[in-house]
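Me: I'm new to reading protein structures. Could you walk me through one, feature by feature?

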Amino acid sequence: MNIVVYGGTECPMCKPASDKLKEHGIKHNYRDIMRSIVRLKEFLALRDSRSEFDSIKKEGIIGIPCFYFVDEDKISFDVDEVIDYVKNNYDGKETIG
């Protein structure tokens, strides 16, 4: 399982969400979209091509933290949902960080 977490240094919810995944032993690759133009472009390409972001864009917000399950092509914006998903589908299995 390969989880990418898109977040930003100025986002008050991003670091706590990443920390919560760590506390639950869920490895992930944190990508700070505010420190790298490459990461920002990567996130925007995902954001602009996925229907999961439609309501977020209508609200005028960025959509971080964003949890992207690369292998499953699944997106979530809720850290607790991610934890439940991992525990129910990957408990005891190796994750990629």
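**Covering a helix**

Reply: Sure, let's start with what packs over helix H2. The elements that cover its buried residues include strand E1 (3–7), helix H3 (54–59), strand E3 (66–69) and strand E4 (74–76).

Me: Which residues of H2 are buried?

Reply: Phe43, Leu46 and Arg47 are the buried residues of H2. Looking down the axis of H2, you'd find them within an arc of 100 degrees, so they line one face of the helix. Here's the general idea: an α-helix has 3.6 residues a turn, so residues three or four places apart point the same way.

Me: And which exposed residues sit on the face turned away from the buried side of H2?

Reply: That face carries Ile37, Val38, Lys41, Asp48 and Ser49.

Me: How do I check the length of H2 against what it should span?

Reply: Count 1.5 Å a residue: the 13 residues of H2 (residues 37–49) should span 18 Å. The end C-alpha atoms of H2 are 18 Å apart, so that agrees.

Me: What about aspartate 78: where is it?

Reply: Aspartate 78 is in the loop between E4 and H4. It counts as partly exposed because its relative accessibility is 36%, between the 20% and 50% cut-offs. From glutamate 10 it is 68 residues away in sequence, and 18 Å in space, C-alpha to C-alpha.

Me: How far should I trust the coordinates?

Reply: Remember this is a predicted model. Where pLDDT is low, don't read the predicted coordinates in detail. Here the protein chain has a mean pLDDT of 93, and 93% of its residues reach 70 or more. Among its elements, helix H4 (residues 79–90) has the lowest mean, 94, and E3 the highest, 98.

Terms used:
Residues numbered from 1 in each chain as written. Predicted model: local features only at pLDDT ≥ 70, side-chain atom pairs only at ≥ 80, totals over all residues. Heavy atoms only, no water. Helix = DSSP H or I, 4+ residues; strand = E, 2+ residues; numbered from the N terminus. Expected span 1.5 Å × (residues − 1). Buried < 20%, exposed > 50% of the residue type's maximum accessible area, 1.4 Å probe, protein only. Arc of directions from axis to C-beta. Contact = heavy atoms within 4.5 Å. pLDDT = per-residue confidence, 0-100.
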